[in-house]
Amino acid sequence: MDISRTKSQALKAISAVVCAAVVLGGSATAFAASPGTASARAAAHVSAHSTRGSIVSAERVQRLSPQDVTAVLKDNEFDTTRVRYGVDAYRIVYRTIDVAGRPTTASGLVVVPRNNERRLRVINYTHGTMAGADEAPSVGDNGASPEGLQLGSAGYAVVAPDYLGLGLGPGAHPYMHGASETSASTDLLRAAFVFSHRVHRGFDSRILVTGFSQGGAAAMFVGKALQSGAVPGLRLAALAPISGPYDIEHAEIPAIFDGRLDPKDSAFYTAYLVTAWNRIYHLYDSPSETFQPPYDKTVAPLYNGQHEDGEIFAALPDSVQQLFTPKFLDMLEHPTGRFAAELRMNDTSCTGWAPRVPTRIYAAHSDEQVAIANAYSCQSALARNGADAPVVDLGDYGHLDSGRHGLTAALQWFEQIAPPLA
């Protein structure tokens, strides 16, 4: 989740991205589409016996000096004290599966530090909520993702999926759909390991995982998948989700209705969830069953990937009570039927497993968009299975600030327990 973007307006055409690469000091670097044979065992494992994760296209979209990285981070109010290197950022389009398991494609960002290290540790970063396809990490600001730049400039390789339906992926984004967040992320990891050898770098097979907001829950799903062996040859090394909605039913929804969260932010997120899940699970036959007029005619088309967050926000009422019908509000507050079933299926990022690696859950007690109760619910769920996963309260920060400060804290922790390879 993350509705207010501090980044500038994303360019909408691929030609504009190529032009930007030329301005940065060279034409966009294109790579062959076939996966090839990787020399490292990890790359061989992740590319074997499957087209999932095979590369459709790859191009360099940013080449930045340390000074350039610092300027971007300053513009986006990110910490600059850990910048050590410039970076090269690449947009990868790769093969994956959709929500029904059918072949599709997705895009994502791979950031590599411009240093002399031939082998790099990897951080998998999953991003927060965005409704516009062109706001995604590999496309927004021509791939100058501040999160990717902060982590990459510290000496790590960064793998950041756009998710299905965002960036250059076809169709609408299946928002808060845990299975596709996981498959899009792990398949980009497969592609990234193949790609690393085309730029003459080796990626370490022990993956550090973090993510913010929507991406906090996605990070937990990715960690769960890596630990279970979902990508042979890769394994989970540490887990540091930030401000994630891990328990929508028992933590987020109650906070919406008891006034702990900003009411208009809640309307934005809940409308996004309902329209996305209706495409997947068919929650209602007609929008009028769920949305009050005039929003029954206007809301669903806003979440088609063609409208940015600010535009959608301006078109919504000030609360869920003004947006939804009384019948749906009652089902939302007291989930029943199909909605309850799908909610409980997707509310499982922290349940049914225990990380066997160092884990920290970052959150802020003043978060007005994602209740900190989510973090404590996640901690409790993991503890029931024997995991020690402390909640780190970042302090008196709102949601967006919790993302920035949380990423810096996660990076500092990663540097302590798994510093960049030298």
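**Exercise 1. Backbone exceptions**

Is His200 buried or exposed? Determine also where His200 is found, and treat Ser243 in the same way.

*Solution.* The model under study is predicted.

Step 1. The general background is that most residues other than glycine have a negative phi, and most peptide bonds are trans.

Step 2. His200 departs from this pattern with a positive phi of about 60 degrees, although it is not a glycine. The residue is found in the loop between helix H5 (178–196) and strand S6 (202–212).

Step 3. The relative accessible area of His200 is 57%. The cut-off for exposed is over 50%, so His200 is exposed.

Step 4. Ser243, likewise not a glycine, has a positive phi of about 50 degrees. Its place is in the loop between strand S7 (235–242) and helix H7 (248–257). With a relative accessibility of 3%, Ser243 counts as buried.

Step 5. A further exception concerns the peptide bond itself: Pro293 and Pro294 are joined by a cis peptide bond, with omega about 5 degrees. Pro294 lies in the loop between H8 and helix H9 (295–302).

**Exercise 2. The disulfide**

Identify the cysteines that form the disulfide, and establish its handedness and the parts of the chain that it ties together.

*Solution.*

Step 1. The structure holds one disulfide. Its partners are Cys350 and Cys378, whose sulfur atoms are 2.1 Å apart.

Step 2. The torsion about the S-S bond of Cys350 and Cys378 is about -85 degrees, and the disulfide is therefore left-handed.

Step 3. Cys350 lies in the loop between helix H13 (337–346) and strand S8 (361–363), whereas Cys378 belongs to helix H14 (residues 373–384); the pair therefore ties together parts that are 28 residues apart in sequence.

Step 4. Cys350 counts as buried at 3% relative accessibility, and Cys378 counts as buried at 1%.

**Exercise 3. Salt bridges**

How many salt bridges does the structure hold? Analyse the pairs Asp318 and Lys264 and Arg404 and Asp401 with respect to sequence separation and burial.

*Solution.*

Step 1. There are 15 salt bridges in the structure. In general, side chains of opposite charge can pair when their charged atoms come close.

Step 2. Asp318 and Lys264 meet through their side chains in a salt bridge of 3.6 Å, N to O. Asp318 is located in the loop between helix H10 (309–314) and helix H11 (320–323), and Lys264 in helix H8 (residues 263–281), so this pair ties together parts that are 54 residues apart in sequence.

Step 3. The partners differ in their class of accessibility: Asp318 counts as partly exposed at 49%, while Lys264 is buried, with a relative accessible area of 17%.

Step 4. In the pair of Arg404 and Asp401, the closest N and O atoms are 2.7 Å apart. These two residues are three residues apart in helix H15 (residues 399–417), which means that about one helical turn separates them. Arg404 counts as buried at 12% relative accessibility, and Asp401 counts as partly exposed at 30%.

Step 5. Salt bridges also form a network, which links Arg52, Asp187 and Arg190.

**Exercise 4. A pocket and a salt-bridged residue**

Which residues lie nearest the centre of the second largest pocket? Relate one of them to a salt bridge.

*Solution.*

Step 1. The second largest pocket has a volume of about 210 Å³. Its lining comprises 13 residues, and those nearest its centre are Asp98, Val99, Leu164, Ala172 and Pro174.

Step 2. Strand S3 (103–113) and H8 are the elements that give two or more residues to this lining. By residue class, the lining of the second largest pocket divides into six nonpolar, four polar and three charged.

Step 3. Asp98, one of the residues nearest the centre, meets Arg102 in a salt bridge between side chains (2.9 Å, N to O). Asp98 is buried, with a relative accessible area of 18%; the cut-off for buried is under 20%.

**Exercise 5. An enclosed cavity**

Describe the second largest cavity by its volume and by the residues of its lining.

*Solution.*

Step 1. Over the whole structure, a search finds seven cavities of 30 Å³ or more. The second largest cavity holds about 120 Å³ of space.

Step 2. Its lining has 13 residues, of which Ile248, Glu252, Ile256, Thr270 and Leu273 are the closest to its centre. The elements giving two or more residues to the lining are H7 and H8.

Step 3. The lining of the second largest cavity divides into nine nonpolar, three polar and one charged.

Notes. Residues numbered from 1 in each chain as written. Predicted model: local features only at pLDDT ≥ 70, side-chain atom pairs only at ≥ 80, totals over all residues. Heavy atoms only, no water. Salt bridge = Lys/Arg side-chain N within 4 Å of Asp/Glu carboxyl O. Buried < 20%, exposed > 50% of the residue type's maximum accessible area, 1.4 Å probe, protein only. Helix = DSSP H or I, 4+ residues; strand = E, 2+ residues; numbered from the N terminus. Disulfide = S-S within 2.5 Å. 1 Å grid on protein atoms, 1.4 Å probe; cavity = no way out; pocket = protein on both sides within 12 Å on 5 of 7 lines; lining within 4 Å. Points joined across faces, edges and corners; volume = space filled by probe spheres on them. Nonpolar A, V, L, I, M, F, W, Y, C, P; charged D, E, K, R; others polar.
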